[in-house]
Amino acid sequence: MPAELACFDAACRARFPITEVLYNCPRCGGLLEACYEWEGIDAERLKRLFRERRMSNALIDSSGVWRYRELIPFLDDLDAVVSLGEGGTPLLDGPRAARYAGLDRLALKHQGFNPTGSFKDNGMTCGVAQAVRLGRRRVACVSTGNTSASMAAYASAAGLQPVVFIPRGNISYGKLAQALEYGARTLEVEANFDQILALVRTLADRLGIYLLNSINPFRIEGQKTILIEMMDQRDWLAPDWIVLPGGNLGNTSAFGKALREMRQLGFISKMPKLAVVQAEGAAPFYEFMRRPAAGAFRAVADPETLATAIRIGDPVSWPKAWHEIASSGGLVAKVTEREIADAKAVIGQCGIGCEPASAATLAGIRQLVADGRIAREADVVAVLTGNLLKDPDYIYRYHTGRLEAPSGVAIPGAFANQPVVVPNDADRIAALLE
Ligand code: F0G
């Protein structure tokens, strides 16, 4: 399948060889995407093939990314692929979360079941495959934590050297610990995500390091498979809404591309709407989408949220995300710290759990159902992006009444579940539990 890089800007659409190391269009500076001359795609035949591969013991087939390789055909051969068993994440039913949101039903596609605990693995297996194919030895990213954990794992597994840049003091220990354990050279920079991204882009060119942030179009290809797998799990019946948290907006771009391509190639017969949810203190895309016609995208200089994964003020992929929200007829919402915290506890009470950024989805759905933009009977899937264990400190604070918003205001914790200290005394414990 002939593959190329294409400029995403509709006025440019310049094309470049798929093996050129580019992160932006050299002609106009626009974002790049992988594009294909789709030939001989038979959706029904592929749907059957995807199912058959689930029974295979070969990692390349059981992987929830590479199982769908015909829909991400940027490699000439699969020798460059390193899989850690990514994807294959469950589509769960969350009745308690549905009740909380005011919906009849709510499905949760949980990307926290990935090998490093977040959706980043879907993209990273592809980004690292491209690095291997290009013969790059070192890869780098700036990260709010999950990208760095994922990149560290996949790069090390592939025998490459991972270099991660993280905002000092602003990622959870769970994620930092992963980067260290997976052997990444870890640089804690005294700056925020957006500032470090600018820094890393300069350094990548200077030091010949391959950049694996979500600006990398191959990561976006991998993240498409989150929705391809979701549709496969739903027997290719598209829901009304797909709801996801928005930070740097790479995932929004990937989801939109996946939906457009699945529709174009005859895998699904309708377009679901995408709803992106941002945290109140880091919501530049929300602000922009309120009045996109009004002009320029305004970055938030000092983004703040306890959902550190989405603490991003200047998301690079906003032009793609804008296009995807518009073409799906979707929308963008923003939620408060308290809404995120309580929604997260409710997802925990479902026996499912997730990290703070992921819970923005449920908080957003609740708001959208309350104001009538999502109907009570709508078919909705929320994508939970990261595992509960990514940020245990947040959880402990919430349940013990010690969680404070970045403004310093205490978050009361409507669903707080305090641990109780008891003496080593059977009678007194029995009295307590009776
Ligand atoms: N949820 C989680 C758990 C994340 O880690 C991220 C992004 C997002 C949502 C937002 O996704 O950026 O594609 O809009 N984390 C990045 C990182 C930025 O560095 O790990 P997005």
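A residue is counted as near a molecule if one of its heavy atoms lies within 4 Å of that molecule. In this predicted model, 20 residues surround the ligand. This briefing treats the ligand site and then the packing of two helices, α12 and α14.

**Ligand surroundings**

- The closest of the surrounding residues are S143, G247, N248, L249 and T385.
- S143 places a polar side-chain atom 2.8 Å from an oxygen atom of the ligand.
- T144 approaches through its backbone, with an N or O atom 2.8 Å from an oxygen atom of the ligand.
- T147 likewise has a polar backbone atom at 2.8 Å from an oxygen atom of the ligand.
- On its own the ligand has 470 Å² of accessible area, and the protein covers 99% of this.

**Packing of α12 and α14**

- Two packed helices are described by the angle and the distance between their axes.
- Helix α12 spans residues 337-349 and helix α14 spans residues 392-399; their axes are 11 Å apart and meet at an angle of about 95°.
- Angles of 65 to 115 degrees count as roughly perpendicular, and α12 is therefore roughly perpendicular to α14.
- On the α12 side, the contact is formed by E337, I340, A341, D342, K344 and A345.
- On the α14 side, these residues meet Y394, I395 and Y398.
- By class, the contact of α12 with α14 has six nonpolar and three charged residues, and no polar ones.

Methods:
Residues are numbered from 1 along each chain as its sequence is written. This is a predicted model: local features need pLDDT of at least 70, side-chain atom pairs count only at pLDDT 80 or more; totals for chains, interfaces and linings use all residues. Side-chain values use heavy atoms; hydrogens and water are left out. Axes are lines fitted to C-alpha atoms, for helices over the stretch in contact, and angles run from 0 to 180 degrees between N-to-C directions. Helices (H or I, at least four residues) and strands (E, at least two) are DSSP runs, numbered from the N terminus. Angles under 35 degrees count as roughly parallel, over 145 as roughly antiparallel, 65 to 115 as roughly perpendicular and the rest as oblique. Contact means heavy atoms within 4.5 Å. Ala, Val, Leu, Ile, Met, Phe, Trp, Tyr, Cys and Pro count as nonpolar, Asp, Glu, Lys and Arg as charged, and the others, Gly among them, as polar. A polar contact is a pair of N or O atoms within 3.5 Å; within protein, one must be able to donate a hydrogen and the other to accept it, and residues adjacent in sequence count only if both atoms are side-chain atoms. Accessible areas come from the Shrake-Rupley method with a 1.4 Å probe; for residues, only the protein chains shown count as cover.
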